[in-house]
Amino acid sequence: MILDQFGRVIRAAAPASAAPAAPAAHQAPLRWTADRPAEARPAPRASRPSAPTPTPRYAYLPRWGLADHGSGSDEAERAEGDDRGQVLTRTLHAAVYALGGAAAVHLLRYLLVVVNRSTPIPVWLDLLSSAAVLVFGVCAVVSMVFGLVAFVRWALAQRTAAYAEAHRRDPRSVVGQVLLAALPVVNVVGAPLLLAEVALCRADGAGRAVERIKRLAVGWAIVNLVALVAVGYRIGAAAGDSVQVSADALAIVTISFAVSAWFCHWAAPRLVSILDDDRTSASRRLVMA
């Protein structure tokens with residue numbers, strides 16, 4: 001007889017003399033399978049609820065996997081830095097005219113004061129020169145403020161692009177960068193430091209960029225030193241009644257404006273390219289090995 005997989009009799013065996021019957025068309029083929037008895041089967045495992053895991057948090061945007069250098073957001077950040085560089089250049093050129101005009105007006109006022117010591121000058125000329133000194137002085141100060149703002153924005157854009165290109169996090173906060181670049185006297189050291197960190201972050205040609213930054217820092221330090229001396233003389237002239245101190249203060253202020261105008265004229269074509277090196281712009285693709 002023939003048994004199924006559960007041991008049940010399907011049909012009895014035919015006599016040996018009888019011819020084998022043809023298989024039914026609807027009968028399914030049989031196959032042998034091995035299975036463990038019920039007492040040998042493992043008990044079902046109870047499902048354990050998994051404890052909730054905390055949501056991953058990152059202090060900055062992670063950049064994993066494949067990275068295209070010189071494409072996507074890096075290109076946008078570099079373009080933004082170039083636009084701010086053009087604004088900075090135009091602002092410095094405008095500051096040259098404002099500071100140069102202020103220096104010329106102060107020099108004219110100084111010459112009138114010298115002449116007035118021996119020969120009286122007309123009242124209208126005295127009032128006109130005093131008004132010109134005030135107007136051009138305010139314009140010079142406003143141009144320096146705009147130049148400082150343009151420099152801070154450009155420096156921040158350069159740092160953002162450099163650290164994004166290197167796939168590193170900027171170690172300084174935005175507030176710290178603004179304070180280092182914008183505060184008077186502090187930016188004598190802070191501004192060159194921010195630019196030097198960008199050059200070192202880019203690695204290629206960092207030595208040449210650092211040398212140019214050092215020359216810029218020396219010029220910037222001279223400008224601030226002369227400005228501090230002029231401010232000191234101005235305070236002394238306002239506090240006292242000495243005609244000589246007032247004349248010296250006017251002369252020092254004239255020199256300060258002239259030095260500042262020269263510095264802006266020298267830095268305008270050099271500042272935006274101070275970090276540029278002979279770095280290849282070929283696109284590279286990093287892959288996980």
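**Group meeting: salt bridges, core and surface of a helical model**

The structure holds 5 salt bridges, and I would like to begin with those, keeping in mind throughout that what we have on the screen is a predicted model.

Let me start with Arg-159, which forms a salt bridge with Glu-197, the closest N and O atoms lying 2.8 Å apart. Arg-159 belongs to helix 2 and Glu-197 to helix 4, so this pair ties together parts that are 38 residues apart in sequence. Both partners, Arg-159 and Glu-197, are buried. Glu-197 also forms a salt bridge with Arg-172, again with 2.8 Å between the closest N and O atoms. Here Arg-172 sits in the loop between helix 2 and helix 3, while Glu-197 is in helix 4, so the parts tied together are 25 residues apart in sequence. As for how much of each side is accessible, Glu-197 has 16% relative accessibility and therefore counts as buried, whereas Arg-172, at 29%, counts as partly exposed. If we widen the view, Arg-159, Asp-170, Arg-172 and Glu-197 are linked in a network of salt bridges.

There is also a salt bridge within one helix that I want to show you, where the side chains of Lys-214 and Glu-211 meet at 3.9 Å, N to O. These two are 3 residues apart in helix 5, and they are therefore separated by about one helical turn. Lys-214 is partly exposed, with 47% relative accessibility, and Glu-211 is likewise partly exposed, with a relative accessible area of 41%.

Now let me step back to the overall layout. The chain has 6 helices and 4 strands, and if you read along the sequence, the pattern is β-β-β-α-α-α-α-α-α-β. Among the contacts with a separation of 6 or more, 70% are between residues 24 or more positions apart. Of the 289 residues, 30% count as buried, and the chain exposes about 19600 Å², of which carbon and sulfur atoms supply 65%.

That brings me to the core. In soluble globular proteins, nonpolar side chains tend to be buried together. In this model the largest nonpolar core has 41 residues, and the members that touch the most other members are Phe-151, Trp-154, Leu-195, Leu-271 and Leu-275. Helix 1, helix 2, helix 3, helix 4, helix 5 and helix 6 each supply at least two residues of this core, with the largest share, 9 residues, coming from helix 2. If we take Leu-275 and leave out residues up to four places away in sequence, its contacts are Trp-154, Gln-158, Leu-195, Val-198, Ala-199, Arg-202 and Ile-213.

Two threonines are worth a look as well. Which residues does Thr-89 touch, once those up to four places away in sequence are not counted? They are Ala-268 and Val-272. Thr-89 lies in helix 1, which spans residues 73-116, and with 18% relative accessibility it counts as buried. The other one, Thr-254, is found in helix 6 and is buried too, with a relative accessible area of 11%. Leaving aside neighbours within four places in sequence, Thr-254 is in contact with Ala-103, His-106 and Leu-107. The C-alpha atom of Thr-254 is also 9.6 Å from that of Leu-99, although these two residues are 155 residues apart along the chain.

Turning to the surface, there is a nonpolar patch formed by Leu-134, Val-138, Val-142 and Phe-146, which together have about 390 Å² of accessible area. Val-142, one of its members, lies in helix 2, residues 123-165, and at 38% relative accessibility this valine counts as partly exposed.

Finally, a few words on confidence. The chain averages a pLDDT of 80, and 75% of the residues score at least 70. Among the elements, helix 3 has the highest mean pLDDT, at 93, and strand 4, residues 285-286, has the lowest, at 48. Over residues 278-289 the pLDDT stays under 50, and for that stretch the model has 17 contacts beyond four places in sequence.

Technical notes. Residues numbered from 1 in each chain as written. Heavy atoms only, no water. Patch = residues over 30% accessible without salt bridge, like charges linked within 9 Å, V, L, I, M, F, W, Y side chains within 5 Å. Areas by Shrake-Rupley, 256 points an atom, 1.4 Å probe, with all protein chains shown as cover. Salt bridge = Lys/Arg side-chain N within 4 Å of Asp/Glu carboxyl O. Buried < 20%, exposed > 50% of the residue type's maximum accessible area, 1.4 Å probe, protein only. Contact = heavy atoms within 4.5 Å. Core = buried A, V, L, I, M, F, W, Y, C linked by side-chain atoms within 4.5 Å. pLDDT = per-residue confidence, 0-100.
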